[in-house]
Amino acid sequence: MGTYDVLIIGGGITGGAIARELSRYQLKIALIEKEEELAFGVSKSNSGIIHPGTQNPPDSLKGRLCVQGNQLTRELAKELGVDFKAVGELIVIFKEEEMAELLRIKKEAEALRVPRLKIVDRAWLDKNEPNLSKKAVAALYAPTAGIISPYRMVYDLSENALKNGVEIFHLRKVIKINVMSSEKTFEVVTSKEAFRSRFVINAAGLFADEISKMVGVDDFVIKPRKGEEFLLDKKREHITNHLLFPLPSPISKGILVIKTSDGNPMIGPTAEDIEDKADLATSDEGLKKVLEGAVKLVPTISDNDIIAYFAGLRPVAGDDFIIRHEDKIPGFINVAGIQSPGLTAAPAIALMVRDLLKKSGLKLNKKLIFHPHRRRTTHLFALPFSRTKKLIQKDPAFGEIICRCEMVSAKEVRDAIGRGATTLDGIKFRTRAQAGRCHGGFCTTRIMKIMAEELKIPLTEITKRGRGSEIIKEERHG
Amino acid sequence: MKKKITCIDCPQGCQLEVDVENGYVVGLSGNKCPKGEVYAKQEIENPMRILASTVLTRALNIKMVPVRTSRPIPKSKLFEAIEEIKKIRLSRPVHVGDVIAPNFLGLGVDLISTRDAI
Amino acid sequence: MDKRDLVVVGAGPAGMAAAISAFESGVKDILLLERDQYLGGILNQCIHPGFGLHYFKEDLTGPEYADRFMKKIQTLPEIEISLRSFAVNLTKGKVLIYLKPGEMRQVKAKALIMATGCRERTREMVHIPGTRPAGIYSAGLAQKMINLEGLLPGKEIVIVGSGDIGLIMARRFTLEGAKVKAVIEIQKETSGLIRNVVQCLEDFDIPLYFRHKISKLYGKDRVEKVEVTAVDTGSRFELTCDTVLISVGLIPENELIEMAGVKIAGEVNKTSLPGLFVCGNSYKVYDLVDWVTRDSAKAGEAAAEYLRDLK
């Protein structure tokens with residue numbers, strides 16, 4: 001296999017953004033991910049908000065990288081063909097006494113150069129956010145907030161990185177790291193093979209502390225903070241026009257009412273510090289808390305609107321990101337504690353990591369040929385019918401509908417598999433099939449048959465998200 | 001021995017209390033009509049069921065052909081019947097009502113197709 | 001653009017009965033759209049008997065019941081069948097867009113009968129706390145997997161909901177070699193037929209717990225166990241299992257009508273748009289297909305009357 005210049009541990013939004021950025025240079029790069037597919041860790045549960053940069057201390061990495069990332073993400077989205085919508089955010093207050101706090105937040109954000117912030121009054125809210133509770137007295141409006149699909153961003157970043165020469169390996173769990181200082185190389189031993197690399201970037205999300213400990217740097221701990229989220233029916237897509245925030249708490253931005261890139265509004269998340277890094281259970285208490293918070297902002301939301309729910313874990317390592325070259329272990333860069341606003345900051349984090357690598361002696365020579373663009377994936381449901389007809393004439397498989405709720409064609413499912421999906425969840429994240437109203441009741445068997453054909457595996461080997469999550473126990477066949 | 005069963009002859013669903021001795025009905029209460037007696041006797045002494053399942057096909061237009069017994073068979077034979085059905089591979093076209101396995105399990109009923117498969 | 005007197009969307013029992021009835025009432029230009037590769041709709045996977053007791057005075061399986069109507073339709077050239085045809089858009093002007101492999105078609109109908117059936121309520125719509133592993137299926141999906149695809153989705157099953165679909169699947173799983181550990185019902189009695197309780201649960205000694213619910217679902221990648229709680233007393237117990245079947249109700253599938261801004265009116269089959277009718281489970285959830293046939297035939301008659309009045 002040879003020695004890599006850079007090995008990135010972790011295939012989420014952070015690892016993906018770093019891989020893509022570094023793929024501009026003449027480097028031998030590998031990205032390793034322990035799950036069956038990329039984005040199956042922390043990134044999977046991301047709410048998809050591109051934050052403007054409010055609610056971060058001015059001297060924090062979070063603040064600086066978020067503001068920079070907000071701009072970079074827009075450009076990246078254009079290059080990679082990812083949908084980005086600038087919907088704007090409102091931090092809402094319900095009492096005049098809270099204005100002081102709102103102004104403080106505004107001032108702090110302005111110190112970070114968050115653009116075009118303004119305080120809006122009741123009249124503005126009536127006009128621009130009619131379903132917001134009439135008890136709201138004012139809000140801080142940050143127009144540069146946006147929404148994006150977090151997992152599609154990871155897949156599109158990594159696809160582009162792949163196109164530009166990055167090697168990506170799934171199902172590689174890091175077991176041990178041997179620091180071979182005399183050779184200025186690391187030997188990263190995984191569940192499959194060992195990788196040798198001059199530089200290692202630890203972007204391992206929830207497990208970044210455990211990876212860091214393997215090289216003897218143990219001055220931080222990742223504590224999972226659970227957030228339960230609840231998705232509402234797409235019929236309520238226009239219940240809000242902006243992302244709605246309450247005033248923040250010490251540990252979280254609060255229970256939000258937001259829009260998502262796929263159209264469903266989402267309410268949540270909760271914020272609960274837990275011990276178990278594998279605990280993704282939702283709870284009745286979580287639902288209750290989220291509904292209470294959501295109804296405060298938009299009184300017409302009820303639990304009848306809820307069509308799906310999930311929990312995610314924020315990888316918390318103290319108050320700020322930990323992005324540093326470990327001088328005691330030259331060549332090892334920690335990128336840890338990437339919780340909110342990690343998705344927004346990701347492209348800026350990638351630039352910071354690039355600079356850290358340069359400072360530590362990695363020569364960065366730009367490639368002569370770099371392909372920055374990725375052709376936008378065609379989603380049948382997003383097209384006007386005039387375009388649909390031409391598409392189907394060109395490729396009949398577009399006319400074969402697999403998922404009736406989200407109008408996903410067989411062609412899109414096959415393309416998703418061609419682009420790396422090997423699981424039902426991977427297909428769901430890339431195409432939306434199984435994410436609609438019937439939650440797979442109609443399409444599951446159809447998708448499974450396509451997967452069996454394309455991946456050349458028996459139906460009994462098809463999984464929801466990797467080994468252990470097989471859908472079928474037995475098949476009757478001759 | 002007393003056994004409690006639900007009569008399913010009509011939507012009333014009378015809860016019957018049956019006195020059973022040596023597998024025969026010797027006493028009955030709880031029925032609102034004489035149909036309950038008939039039902040109880042059949043259910044206790046010789047329960048019968050229509051079995052519906054599917055048969056694997058070979059080179060036909062559908063993978064599984066739904067089948068059923070042409071008449072009820074003894075309840076005690078259900079699992080044996082299922083095992084026999086699992087062994088069948090149907091490769092000739094069938095129409096609704098065609099016999100797939102005559103005198104199934106020697107019980108004097110046929111296993112018939114309930115769907116066209118060509 | 002294609003122009004038709006009558007377009008029927010859906011060739012399950014409702015659509016077939018409506019199309020046949022419209023023909024018998026004088027409509028001679030009928031386009032019958034079906035998204036699957038065969039007629040019959042949901043009846044194709046309902047391989048158990050209990051259908052037609054009223055309509056045919058016979059005890060038929062689902063496919064046999066469907067076959068009676070399929071055979072009739074196949075003798076009527078006035079009913080054009082279009083398979084693998086997926087309706088994606090409907091306008092107030094009764095223009096329907098549908099997709100077939102290789103084509104997108106538009107048809108303007110003088111009258112339309114929507115017979116698009118229903119979908120199941122899924123786990124996501126009822127909040128069952130816990131994780132989201134593989135192994136959670138709606139009863140109808142499991143029925144499709146077993147009966148149409150020859151796939152066994154699980155070996156140790158807990159069923160949520162004692163409606164007929166859940167009961168039928170309890171028997172089906174048992175006959176296919178799985179162990180059904182319990183049926184959990186939150187109400188104090190079942191909404192299903194007593195016949196099914198006897199022949200699907202009692203026959204196989206499957207316990208039915210009334211006034212119970214699943215209070216937590218465990219499993220990292222696949223279902224491992226559930227916690228069951230008695231809603232009146234709070235007492236709880238656990239059941240290990242690898243599959244949870246959700247059978248908690250059906251929802252009429254009306255997206256196309258909603259797209260056109262049309263509402264279902266009070267009377268059977270009627271909507272707020274004259275000439276647009278709804279029948280079968282997409283109108284309301286029926287408990288017996290015999291009544292679907294009865295009412296859908298009326299929709300066919302109503303469509304015929306509407307077309308007569310137009311002339």
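In which hand, left-handed or right-handed, does H1(A) pass H8(A) in the crossing? The model is predicted, with local features requiring pLDDT of at least 70 and side-chain atom pairs counting only at pLDDT 80 or more, whereas totals for chains, interfaces and linings use all residues. Residues are numbered from 1 along each chain as its sequence is written, and chains are lettered from A.

**View 1. Packing of helix H1 (residues 13–22) against helix H8 (residues 342–359) in chain A.** The crossing of H1(A) past H8(A) is right-handed (the near helix is turned clockwise from the far one by less than a right angle). The axes, which are lines fitted to C-alpha atoms over the stretch in contact, lie 8 Å apart at an angle of about 45 degrees, on a scale from 0 to 180 degrees between N-to-C directions. H1(A) and H8(A) are therefore oblique to each other, the class left once angles under 35 degrees (roughly parallel), over 145 (roughly antiparallel) and 65 to 115 (roughly perpendicular) are set aside. Helices here are DSSP runs (H or I) of at least four residues and strands (E) of at least two, numbered from the N terminus. In contact (C-beta atoms, placed from the backbone, within 7 Å) are residues including Ile13(A), Ala17(A) and Glu21(A) of H1(A) and Leu343(A), Ala350(A) and Arg354(A) of H8(A).

**View 2. Packing of helix H1 (residues 13–24) against helix H2 (residues 62–74) in chain C.** The axes come within 10 Å and cross at roughly 40 degrees, and H1(C) passes H2(C) in a left-handed crossing (anticlockwise, by less than a right angle). The contact includes Met16(C) and Ile20(C) of H1(C) together with Phe69(C) and Met70(C) of H2(C).

**View 3. Surroundings of helix H10 (residues 410–418) of chain A.** The buried residues of H10(A) (20 or more other C-beta atoms within 10 Å of their own) are Ala410(A), Lys411(A), Glu412(A), Val413(A), Ala416(A) and Ile417(A). Their cover includes strand E21 (401–403), strand E22 (408–409), helix H11 (424–431) and helix H12 (444–455) of chain A. Just after H10(A), Gly420(A) adopts a positive phi of about 120 degrees.

**View 4. The contact between chain A and chain C.** Chain A contributes 40 residues and chain C contributes 37 residues. On the side of chain A that touches chain C, helix H7 (284–297), strand E18 (306–316), helix H9 (385–394), H12 and strand E23 (474–475) each supply at least two residues.

Methods. Two residues are in contact if their C-beta atoms, placed from the backbone, lie within 7 Å. A residue is buried if 20 or more other C-beta atoms lie within 10 Å of its own, exposed if 12 or fewer, and partly exposed in between; C-beta atoms are placed from the backbone.
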